[in-house]
Amino acid sequence: MVQRLVVDEDVIVCLIQGGTQNTPAAITATTAIKGYLPVPFDCEVWKWRVVADQAGSIVVDIWMDTYAAFLAGTLANADSITGTDTPTLSSVIANESTALTGWTRELVKDRMLAYNVDAGPATVTWVAVILYVKRKKTL
């Protein structure tokens with residue numbers, strides 16, 4: 001039997017907002033973890049992009065661990081997948097990178113991603129952290 005490998009590109013997006021829906025405020029690092037997302041399929045990260053509502057600075061680390069670790073509340077900095085190329089804005093409205101230096105690029109289906117703000121901005125009230133991925137499936 002001959003199998004054909006198909007590679008589809010997709011995105012995994014986490015939107016981080018400061019304040020509340022009715023009262024926007026700057027994002028802070030005081031409660032560092034700002035969101036959780038399950039990995040929807042096995043895939044490989046090939047680029048990250050960060051887009052904000054206005055120019056500012058923010059550093060967002062991404063952690064990955066099992067669903068059981070998520071339920072136990074044990075996701076931690078040691079679970080970081082971002083290496084030294086952490087998604088970052090530095091006085092700009094958007095930034096991206098394909099370098100992914102030191103990244104764990106392979107994401108495993110049903111693992112949990114935690115988005116941790118390492119350094120918060122003074123002005124940015126929302127930011128989208130976008131992971132560009134290639135998912136693989138065998139036909």
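Buried means under 20% relative accessible area. That cut-off helps in reading the views below, which are taken from a predicted model.

**View 1. Ile 130, a buried residue of strand β7.**
Ile 130 is found in strand β7, which covers residues 126–138. Its relative accessible area is 13%, so Ile 130 is buried. Which residues touch Ile 130, leaving aside its neighbours within four places in sequence? They are Val 11, Ile 12, Val 13, Lys 47, Trp 48, Arg 49 and Val 51. Val 50 is worth finding too. Ile 130 and Val 50 are 80 residues apart in sequence, yet their C-alpha atoms are 6.2 Å apart in space.

**View 2. Ser 97 and its polar contact with Asp 85.**
Ser 97 lies in strand β4, residues 88–97. Is Ser 97 buried or exposed? Its relative accessibility is 12%, so Ser 97 counts as buried. The side chain of Ser 97 makes a polar contact with the side chain of Asp 85, at 2.7 Å. Asp 85 also appears in the contact list of Ser 97, together with Trp 46, Lys 47 and Trp 48. That list leaves aside neighbours within four places in sequence.

**View 3. Strand β3 and its antiparallel partners.**
Strand β3 spans residues 43–65. Three partners are shown in turn here: β4, β5 and β6.
- β3 and β4 run antiparallel and are joined by 7 bridges. Here Val 51 stands opposite Ala 94 in β4.
- β3 and β5 (residues 106–107) also run antiparallel, with 2 bridges between them. Cys 43 stands opposite Leu 107 in β5.
- β3 and β6 pair in the antiparallel sense over 7 bridges. Asp 61 stands opposite Asn 116 in β6. Ile 62 has Tyr 115 as its bridge partner in β6.

**View 4. Strand β6, largely enclosed.**
Strand β6 covers residues 112–119. Why is β6 described as largely enclosed by the rest of the structure? Because 6 of its 8 residues are buried. Strand β2 (residues 33–38) pairs with β6 in the antiparallel sense, over 5 bridges. In that pairing, Tyr 36 has Ala 114 as its bridge partner in β6. β6 also pairs with β3, again in the antiparallel sense.

**View 5. Tyr 36 and Phe 70, an edge-to-face pair.**
The model has 3 aromatic pairs. One of them joins Tyr 36 and Phe 70 edge-to-face. The ring centres are 4.9 Å apart, and the planes meet at 65°. This pair links distant parts of the chain. Tyr 36 is in strand β2, and Phe 70 is in helix α1 (residues 67–72), 34 residues apart. Tyr 36 has 38% relative accessibility, so Tyr 36 counts as partly exposed. Phe 70 has 26%, so Phe 70 counts as partly exposed.

**View 6. Trp 46 and Tyr 132, a link between β3 and β7.**
Trp 46 and Tyr 132 form an edge-to-face aromatic pair. Their centres are 5.9 Å apart, with 65° between the planes. Trp 46 lies in strand β3 and Tyr 132 in strand β7, so the pair ties together parts that are 86 residues apart in sequence. How exposed is Trp 46? At 25% relative accessibility, Trp 46 is partly exposed. Tyr 132 has a relative accessible area of 15%, so Tyr 132 is buried. The ring of Tyr 132 has another visitor. The charged end of Lys 47 sits over this ring, 4.5 Å from its centre.

**View 7. A ring cluster, and a charge over a ring.**
Which residues do ring pairs link into a cluster? Tyr 36, Tyr 67 and Phe 70. Elsewhere, Arg 135 lies over the face of Phe 41. The distance from Arg 135 to the ring centre is 4.5 Å.

**View 8. Asp 110, in the loop between β5 and β6.**
Where is Asp 110? Its place is in the loop between β5 and β6. Leaving aside neighbours within four places in sequence, Asp 110 is in contact with Val 39 and Tyr 67. Tyr 67 is also one of the residues in the ring cluster. Thr 66 lies 44 residues from Asp 110 in sequence. In space, the two are 7.4 Å apart, C-alpha to C-alpha.

Definitions and conventions. Residues are numbered from 1 along each chain as its sequence is written. This is a predicted model: local features need pLDDT of at least 70, side-chain atom pairs count only at pLDDT 80 or more; totals for chains, interfaces and linings use all residues. Side-chain values use heavy atoms; hydrogens and water are left out. Helices (H or I, at least four residues) and strands (E, at least two) are DSSP runs, numbered from the N terminus. Buried means under 20% relative accessible area, exposed over 50%, partly exposed in between (1.4 Å probe, protein chains only). A polar contact is a pair of N or O atoms within 3.5 Å; within protein, one must be able to donate a hydrogen and the other to accept it, and residues adjacent in sequence count only if both atoms are side-chain atoms. Contact means heavy atoms within 4.5 Å. Two strands pair if DSSP finds at least two bridges between them. Rings of Phe, Tyr and Trp (its six-membered ring) pair if their centres lie within 6.5 Å; planes under 30 degrees apart count as stacked, over 60 as edge-to-face and the rest as tilted. A charge sits over a ring if NZ of Lys or CZ of Arg is within 6 Å of the ring centre and within 35 degrees of the ring normal.
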